[in-house]
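Q: I am in my first year and would like a close look at one part of this model. Could you take me slowly through a pair of packed helices, and then through what lies around the rest of the chain?

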Amino acid sequence: MNTHASDPPKASRQTRKATASGWIGSALEYYDFFIYATAAALIFPQIFFPKTDPKVAIIASLATYGVGYIARPIGAVILGHWGDTHGRKRVLILCMFLMGFSTVAVGLLPTYDQIGLWAPAMLVALRLIQGFAVAGEISSASSMILEHSPFGRRGFYSSFTLQGVQAGQVLAAAVFLPLAHYMSPDAFLSWGWRVPFIMSFLVIVAGYIIRRQVHETPVFKEVDAKGLVPKAPVIQAVTDSWRDMIRVMLCSLMNVIPVVATVFGAAYAVQPGYGIGFAKDVYLWIPVVGNILAVLVIPFVGNLSDRIGRRPPIIVGALASGLLSFGYLYAISIHNVPLAIVLSLLMWGVVYQGYNAVFPSFYPEMFPARTRVSGMAISQNVGTAFTALLPALFVSVAPPGSNNIPFTIGMITLSICGIAALSAWTARETYRVRMDDLGDPLARPVDKAEYLRLRAQTMANGDAGSSSAASPASAAR
């Protein structure tokens, strides 16, 4: 058998438990993210802030959504350090409890009428905890799955981290939208909005049951046994892997696509100042359908990256989705609702997944085991935090009344996507590199013919393939 100790010969029960653990955690993270964003826009201005000036209340409420990004770099440093020094499993359980209980606490908060300014202060504090927890989830979950996955199947299994992200947003919409639609406005404002937040407790229980059954990864155990766990993994990551950290930062700018699809695109289509006049309910359903498409597409793209490499899907996905942004914004400008919906779903729900499905394996494969979580967490969160500023940039360069909005925003979007694609192109191809050699710039990949033979052997040894592994529920059994 031509395998290394850290390369499992087949997809084991632990592989599937690790996959389910990553899926559940990511689903919880983005379920919480989506319901908070919705409530911050629709509910919080009326119940957590003074009613004397509604405009100020709206701005303040949306600001509480944004403060989560302030805590992300801090969370990335601390949780990345924890994951590289104490293990992937411990940091994942910590992230899950921090995120879950802070979300439940939001659903239990008293209102401004009950406790005055303590209400918004407590809301901000809980949002900071959410942002802190988010920073460690995807990097730790991706590393956990990757290090439990057999050689030749790392891209496929790691992709379920992001499938959980998209599924969490679908779940949030499935819970929130019916409540808002069928309840009376007074009942929804009084207590109905709290239901999605309190329901996070159920996800915490399910996530903990799964995560406690996942063993620490063989890779981290080996590093620990050899006494190679660094005292300061953040410093070592920056010292040894700063080039790859910059690559991850720049590749993470691909978050521009969901920003264009669901934030600026929605404002451009709906806000009266732009004069387009799309119905608001259209843009409530674009994220739902787009995420359902992504859930279906992600495992296939992850599997493809195990066959042809990580860089091609990312580069093609980046450039193609950047080009599609022109058509999407143009369709809005001519008030063609069906074309705008089709192009947004194609751009975001399908083509963008060339990046989205692959980065959970591509990013951690850039770093050695001893600094993997820190290197990915810090660089990805810095890059993503920058994209949080893009809606304001887009509105400043293409305000209501300006000309050539589709071309202006499309060019910025394509340029950012081009930067991400170029960064991926300059990176080492990692899909044929052994687990023990990941992060080594001098590592030689396995010969392609030998790799394909080992991949086929892995699947024959018990990996049931894409169809059976595509369900995290089955993975947990």
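A: What follows begins with one helix pair and then turns to the nonpolar cores and a few single residues. Please keep in mind throughout that this is a predicted model.

Two packed helices are described by the angle between their axes and the distance between the axes. For the pair chosen here, helix α6 covers residues 118-148 and helix α20 covers residues 372-387, and their axes come within 9 Å and cross at roughly 140 degrees. An angle over 145 degrees would count as roughly antiparallel, and 65 to 115 degrees as roughly perpendicular; α6 and α20 are therefore oblique to each other. The handedness of this crossing of α6 and α20 is right-handed. On the side of α6, the contact is made by Ala135, Ile138, Ser139, Ser140, Ser142, Ser143, Leu146 and Glu147, while α20 brings Arg372, Val373, Met376, Ala377, Gln380 and Asn381. If you sort the residues in this contact of α6 with α20 by class, you find 6 nonpolar, 6 polar and 2 charged residues.

From this pair we can turn to the nonpolar cores. The largest nonpolar core has 71 residues, and Tyr283, Ile332 and Tyr363 are the ones with the most contacts inside it. Helix α14, residues 256-270, gives the most to this core, contributing 10 residues. Taking Ile332 as an example, and leaving aside its neighbours within four places in sequence, you can see that Ile332 is in contact with Gly265, Tyr268, Ala269, Ile276, Phe278, Tyr283 and Ala340. There is also a second, separate core of 28 residues, which includes Tyr31, Phe44, Leu109 and Ala172.

Some single residues in loops also deserve a look. His335 is placed in the loop between α16 (311-333) and α17 (337-351), and although His335 is not a glycine, it has a positive phi of about 60 degrees. With a relative accessibility of 39%, His335 counts as partly exposed. Asn404, found in the loop between α21 (390-397) and α22 (405-426), likewise is not a glycine and has a positive phi, of about 55 degrees. The relative accessible area of Asn404 is 56%, so Asn404 is exposed, since exposed means over 50%.

Finally, Val205 lies within a helix, namely α11, residues 200-211. Its relative accessible area is 37%, and Val205 is therefore partly exposed. Val205 and Gly68 are 137 residues apart along the chain, and their C-alpha atoms are separated by 24 Å.

Terms used. Residues are numbered from 1 along each chain as its sequence is written. This is a predicted model: local features need pLDDT of at least 70, side-chain atom pairs count only at pLDDT 80 or more; totals for chains, interfaces and linings use all residues. Side-chain values use heavy atoms; hydrogens and water are left out. Axes are lines fitted to C-alpha atoms, for helices over the stretch in contact, and angles run from 0 to 180 degrees between N-to-C directions. Helices (H or I, at least four residues) and strands (E, at least two) are DSSP runs, numbered from the N terminus. Angles under 35 degrees count as roughly parallel, over 145 as roughly antiparallel, 65 to 115 as roughly perpendicular and the rest as oblique. A crossing is left-handed if the near helix is turned anticlockwise from the far one by less than a right angle, and right-handed if clockwise. Contact means heavy atoms within 4.5 Å. Ala, Val, Leu, Ile, Met, Phe, Trp, Tyr, Cys and Pro count as nonpolar, Asp, Glu, Lys and Arg as charged, and the others, Gly among them, as polar. A nonpolar core is a set of buried Ala, Val, Leu, Ile, Met, Phe, Trp, Tyr and Cys residues joined through side-chain atoms within 4.5 Å. Buried means under 20% relative accessible area, exposed over 50%, partly exposed in between (1.4 Å probe, protein chains only).
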